[in-house]
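Biologist: Can you take me through this model? Start with how the chains relate.

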2 protein chains.
Amino acid sequence: MAELFLVVAILLLAAKLLGALSVRLGFPSVLGEILAGVALSASFLNLLGWPFLHGPNALSPGMMESILRALSELGVLFLMFLAGLETDLEKMAKVGWAAFWAAAGGVAFPFFSGAVLGLWAGYGLPVSAFIGALLTATSVSITAQTLLELKQLQSKEGMAILGAAVIDDVMGVLALSLVVATVLKPEAGGAASILKTLALMTLYFAAAIGLGRRFFEPLLKKVSQARSTQITMTAALAVCLIYSWSAEAVGQVAGITGAYLAGVLFSRTSFREDLTERVGIFAYSFFVPIFLAHVGLQVRVESLGSAAAFTTLLLLIAILGKIVGCGLGAYAMRFTPAESLRVGVGMISRGEVGLIIASYGLSRGVIDETIFSQMALVVIVTTLVTPIGLRFVFPSKGLTKPI
Amino acid sequence: MAELFLVVAILLLAAKLLGALSVRLGFPSVLGEILAGVALSASFLNLLGWPFLHGPNALSPGMMESILRALSELGVLFLMFLAGLETDLEKMAKVGWAAFWAAAGGVAFPFFSGAVLGLWAGYGLPVSAFIGALLTATSVSITAQTLLELKQLQSKEGMAILGAAVIDDVMGVLALSLVVATVLKPEAGGAASILKTLALMTLYFAAAIGLGRRFFEPLLKKVSQARSTQITMTAALAVCLIYSWSAEAVGQVAGITGAYLAGVLFSRTSFREDLTERVGIFAYSFFVPIFLAHVGLQVRVESLGSAAAFTTLLLLIAILGKIVGCGLGAYAMRFTPAESLRVGVGMISRGEVGLIIASYGLSRGVIDETIFSQMALVVIVTTLVTPIGLRFVFPSKGLTKPI
């Protein structure tokens, strides 16, 4: 297993090195950290193919990939947990309706534009509706990290983006359930399955919020009296992991939504500052750079060349659909044009949620390999576009915190 | 992959809970954390067999096990890195010869007693010599963690134990090479292969120490000026991982020896205190409890009942061989009887190194399944005996640091 240590060390060093370079060039560190992964996965470096990593006792490539993915998924949870800890609920409540309508616009626009694009390209209604659903899911982790760096997470727009991302997650799941129930599998008793999804979501959010508000403060108070090193941190991290697991297993929403929720609930306790500092050390020194480099590692640069008319349109809809949809939603709630643009740009990034839905469609024969790889391209491009875009639409208060 | 989050959360909570209970009962936290894993693996709980962890999209049991093993191996590296950071080289230098002779006695006694036991039980010379070699390898991580807790790591005996563990690792590898070259495979050109092992070890230690002394301080100074969050920690962790990898890949010694060495070298820099604090947060909140619980998770309580005469003798030799051998070595270098006993007890723990050698022997047909599972029993029992024993032979300055 020693070769794992080397691979992790190389990912860490490359991510931080290109991250620092990125900051020096005036971009967020996130961009460089992702590009470090892209460079290491490109065919001329191809880290995971290095021959001396494949001795007789070495991990199989599949095992290595699974372990890196596990570290990376833990990383994105801790990142969203941190974003939750740094969330100011009072500020977020003030922009609640803007967040709601931004999310609604950001689901509606890409959904309908995507479906229309599918029909135009000659796909039937079920497949077209599924393409639309694919384009709805925002993945806010890259945005959250960029905003933390730009010290804009607690700005009006930052709070609106994070609020909208949670609502978007819920709406996206409902949109997908709706597509599955009405167009893809109407025979499976559509209405009942949508009601079941809604009931599970309600149960999850009610239980998670209720338990958090009632028990997090006394739990940490009690735990912090135990004579065990770092036990308060351990308790908080374990709760974050349980909230993430139950978000998926019970609430039908993404694990990162659960991690974010746990962070928000801990931010209401008297341990907020202490946890923020310690989780920051924990996350930024190890898990977050691995997560970001791993995002880049999954990019196949070779596949980026195959952009035909359909792919180009899909990309445009993916990007403009969020900017226009979310932006209009925020604008309708009296955000200025500049603020609305910022919210829209912050919601561009897609990430793994879109890919998970696409795999679902691929494995059930709803979409084919072509659409799947086009969707992968959308994830890659939106992920890289987001930190660059945010850098230009937000005023910079100075990049990155010093150590 | 969400089920991984749940399993990790349960391991973390169980480990810290039983750890705190253990402290309350007057034992080191380590003991409770290992027992948490033992309880979770026992057939009536059997964590990894829980049916709802095995849905259609869930990780396979093999993948889950590999990921937990990876987290656990990272944990033991960070633990030894921390022990290195808290090592006082001046104090260790003063007990250098005691450490050397303790290590020598702790290799010679178990080796010869084990070989004699093998011959007595009717095995041939090659197998008996291999049984002897199996019993030599100390795994000092459990001891290091216990001594950190007892605030005894920097004591005279603590320094002697850590020094002896490194020397023991080198001697153990040489003893095994010697057995392979002279008794098991004399046809493979024995002398040349021993010389090659010696040369690689020398190269590794010379390069690792030379590079560390020369470059760690300027490296961290330079890195800490970059505008990137926690980049100094990342650099230190990456170096720890590279030292661990190269310890195995180049130096033929255990990865934890490399991690410890990296820690010792960083302890000579001006970043010592800062790194110790941050690595402590990082390690104790997450990786170390996972490592300790995972040690326990691998225990099959059911297998503990099968102790026949041979197994009992093997266990006695494993425990007494170290106490007597290491103790005499230290005593010869003018340690008091009480101090010598402490050094001997600290060296009892075997851990994964013994199992790795046993797997090597099993896969090449040198030993059979019976000896292999007896060796696994030795690892389990010595691992549990060590923290209990240390608790009684060391004066307690108060257990565990507060958070």
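Biologist: What rotation and shift put chain A on chain B?

Modeller: Chain A superposes on chain B after a rotation of 180° with 0.0 Å of shift along its axis, at an RMSD of 0.0 Å. The fit is by least squares on the C-alpha atoms of residues with pLDDT of at least 70 in both copies. The two copies are therefore related as by a two-fold rotation axis. The same surface serves both, since 100% of the contact residues of chain A recur in chain B.

Biologist: Where do the numbers and letters come from, and what are the limits?

Modeller: Residues are numbered from 1 along each chain as its sequence is written, while chains are lettered from A and ligands numbered from 1 in the order in which they are written. This is a predicted model, in which local features need pLDDT of at least 70 and side-chain atom pairs count only at pLDDT 80 or more, whereas totals for chains, interfaces and linings use all residues.

Biologist: How many residues does the contact take from each chain?

Modeller: 51 from chain A and 51 from chain B, with contact meaning C-beta atoms, placed from the backbone, within 7 Å.

Biologist: Which element gives the largest share on the chain A side?

Modeller: α1(A), with 13 residues. Helices here are DSSP runs of H or I, at least four residues, numbered from the N terminus.

Biologist: Switching topic, is Pro28(A) buried or exposed?

Modeller: Pro28(A) is buried, because 27 other C-beta atoms lie within 10 Å and the cut-off for buried is 20 or more. Pro28(A) sits in the loop between α1 (2-24) and α2 (29-41) of chain A.

Terms used
Two residues are in contact if their C-beta atoms, placed from the backbone, lie within 7 Å. Helices (H or I, at least four residues) and strands (E, at least two) are DSSP runs, numbered from the N terminus. A residue is buried if 20 or more other C-beta atoms lie within 10 Å of its own, exposed if 12 or fewer, and partly exposed in between; C-beta atoms are placed from the backbone.
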